[in-house]
Amino acid sequence: MNASPSLVEAQAFLEASRTLLLFGRDAAGIPAGRFEGALHGNLGRIALPVQGLPLRGGDRFAALLQLPPMPPQQIRALEVAPGRLVPFAPSCRALSPEEGLERARRALREAPAEARAAAEPLLPRRAFSGTDTLPRLAASAVHLAVDRAVRLGGKGMLLTGWLVDPGRQLAAMRVCTEAESHPVDLAAWAVIPRPDVREAAGAAFALDHDDWGFTAFVPLCPVPDETCWIEAELRDGEVGQRALAPVEGAGLPVIRQVLATPRAAPSRLAAVMAGTIGPAVEALNEARLQRPREATEIAYGALPEAPRVSVVVPLHGRVDFMEFQLALFSAAPDPEAELIYVLDDPRRRAETEALALSAHARFGLPFRLVLLEENWGFAPACNEGARRARGRHLCMLNSDVFPHPGEGMGFLAPLSARLDADPALGAIAPLLLFEDGTVQHQGMRFEAVRGLPPWPFPIHDRKARPAPEGAGLIAAPALTGACLVLRREDWDSLGGFDEGFVIGDFEDADLCLRLRERGLRCAVDPGPRLFHLERQSQEEGAGWRFHATLFNAWRHDRRWGAKVAP
């Protein structure tokens, strides 16, 4: 059987937006999404972008084109690829704008999600009367509610609600303002258990589970008092609308709430992170980092005026670790080192100040205490400490890393000496051990983790294995930030830890990869050895910690995935 001829069979022109709508068949299949095409008419060829929408059946298509100002002419063909024209049929119908718009919207409901998202903004939005018409979708057994809409720093909104659609009649959801609209990606929203919905509607719809809630991100953010509404469209073309009243969301507490979203099935983790959790957290984090960072500094004792190395220790949660470190460091102080503690936990300010005063009185080791006025997270706390540091080398140190009894701060001098001796060495770390003497950190490599999206995660080499013999440097793709020494000038030129990572993961790997991008190496010196209790300095939270790590892995993968892929 011969293929159907390629023809444009109908067209409509939306004058207000200068959008040309074309409908027809193309035996070879029109490209999906935006492509560079052209119109051919009696005045020649006009190159312009085309938004293609392949329809069910394979050879049917709709195409949307935004026309530039041009003289009137007779259009004869649509160019969909170099040398491939789809001519206008001699009987090509001229549709009214209303009929063309309805056919285009019907085509959108059939189109692939990516093509639909790109084409939708080219069509005029339906007017909103202010009347709640979502309830009329119940006639098609579709029940939808948006319980909360949260503005995210001007970058988008997070919607929380529920949907019962047993017949899968919902074709599209979008958020609209008078100026623009944006579809809700139903395939990328996070599923939220809603036992209340099951209890209320379970008998009517034979609901056998609780997963009827959702959280979705939309990259559209109305300004305060701007009219904003949700619009749901069914497969038969029925549309329901309801006004939204977005509230403002900001700060680390809201980030933790987003990160506490229930974990998706492994096969959906990447989509939910990329489509919902990731952009929401990124928007919130970018907004909070714009605010001024206020802090108070207290000095305990006389610090060296020109230190060789500045040791920066962030504190959160377990502030008692500061006492243990100071006790152990005081056994063998380094007169060329300055010690800076940064409290990133305002709830423990009084406790920390009292502990600092007591520790200095007992151990006599000088140090500075920087008290942040709010909880900023690991990277900002480290960066604030480094900003106040005066040493030509920086040692980023976790509060749960301790020297062997009697060795004090003796690990710092050999690590600094390694940097002084080798200009090509960008970062150096000591060997970190568990309490039983086995390896906790001997450098990190990158590999995917089974059961998680295929992103490169930093994996500790030889973890829990016997400590290595010998004194030669051990090259590594990356080093942990639990104890990391580098030149101050390199830190400053790179901008320190990237504060786009949240809570405390991947900042160290990212910094090492940026050093390596400049041709500098990273290595472990197995001579100096310290104990690391591993994550004891972090506040573990079953509700949000998993997604915090996954967010950072997603962000790290977008920057480095192709360069460090196993």
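**Figure 1. Helices α5 and α12 cross roughly perpendicular to each other.** In this predicted model, α5 (residues 269–288) and α12 (residues 545–564) pack at an angle of about 95°. Angles from 65 to 115 degrees count as roughly perpendicular, and that is why this pair gets the label. The two axes sit 10 Å apart. On the α5 side, the residues that meet α12 are Leu269, Met273, Ala274, Ile277, Gly278, Pro279, Val281 and Glu282. Across from them, α12 brings in Phe546, His547, Leu550, Phe551, Trp554, Arg555 and Arg558.

**Figure 2. An open, five-stranded sheet carries helix α5.** Reading across the sheet, the strand order is β12-β13-β9-β8-β16, and the pairing is mixed. At the edges you'll find β12 (190–192) and β16 (247–249), each with a single partner strand, so one side of each has no neighbour in the sheet. On average, neighbouring strands here are turned by 30° against each other, direction ignored. Helix α5 packs on this sheet and touches β8 (143–152), β9, β12, β13 and β16. The direction of α5 makes about 60° with that of β13.

**Figure 3. A closer look at β9 and β13, which run antiparallel.** Six bridges hold β9 (residues 157–164) and β13 (residues 213–218) side by side. To get your bearings, start at Met157, which stands opposite Val218 in β13.

**Figure 4. Strand β6 has β3 and β7 as antiparallel partners.** Most of β6 (residues 75–81) is covered, with five of its seven residues buried. Four bridges link β6 to β3, a strand that spans residues 33–41. Look for His40 here, which stands opposite Ala77 in β6. With β7 (residues 84–94), β6 again pairs over four bridges. Ala81 has Arg84 of β7 as its bridge partner. The β6–β7 hairpin has two residues between the strands, and Gly83 takes a positive phi near 80°.

**Figure 5. Asp26 is a buried acidic side chain with polar contacts to Ser6 and Arg84.** Asp26 lies in the loop between β2 (19–25) and β3 (33–41). Why does Asp26 count as buried? Its relative accessibility is 2%, and the cut-off for buried is under 20%. The Asp26 side chain makes a polar contact of 2.9 Å with the side chain of Ser6 and one of 2.6 Å with that of Arg84. That's the Arg84 already seen in β7 as the bridge partner of Ala81. Leaving aside neighbours within four places in sequence, Asp26 is in contact with Ser6, Asp59, Phe61, Val80, Arg84 and Val86.

**Figure 6. Helix α11 is mostly covered.** Nine of the eleven residues in α11 (residues 507–517) are buried. Charged residues are part of that set, among them Glu507, Asp508, Asp510 and Arg514. The buried set also includes Ala509, Leu511, Cys512, Leu513 and Leu515. Just after the helix, Gly519 takes a positive phi of about 90°.

**Figure 7. Two separate nonpolar cores, set against the whole protein.** The largest core has 39 residues, and Leu479, Trp491 and Phe497 have the most contacts inside it. A second, separate core has 36 residues, including Leu339, Phe411, Val485 and Ala523. Of the protein's 566 residues, 54% count as buried. The protein as a whole has twelve helices and 29 strands, and its C-alpha trace spans about 95 × 55 × 40 Å along the principal axes.

Terms used:
Residues numbered from 1 in each chain as written. Predicted model: local features only at pLDDT ≥ 70, side-chain atom pairs only at ≥ 80, totals over all residues. Heavy atoms only, no water. Buried < 20%, exposed > 50% of the residue type's maximum accessible area, 1.4 Å probe, protein only. Polar contact = N/O pair within 3.5 Å; in protein donor to acceptor, adjacent residues only side chain to side chain. Contact = heavy atoms within 4.5 Å. Core = buried A, V, L, I, M, F, W, Y, C linked by side-chain atoms within 4.5 Å. Pairing = 2+ DSSP bridges. Axes fitted to C-alpha atoms, helices over the stretch in contact; angles between N-to-C directions. Parallel < 35°, antiparallel > 145°, perpendicular 65-115°, else oblique.
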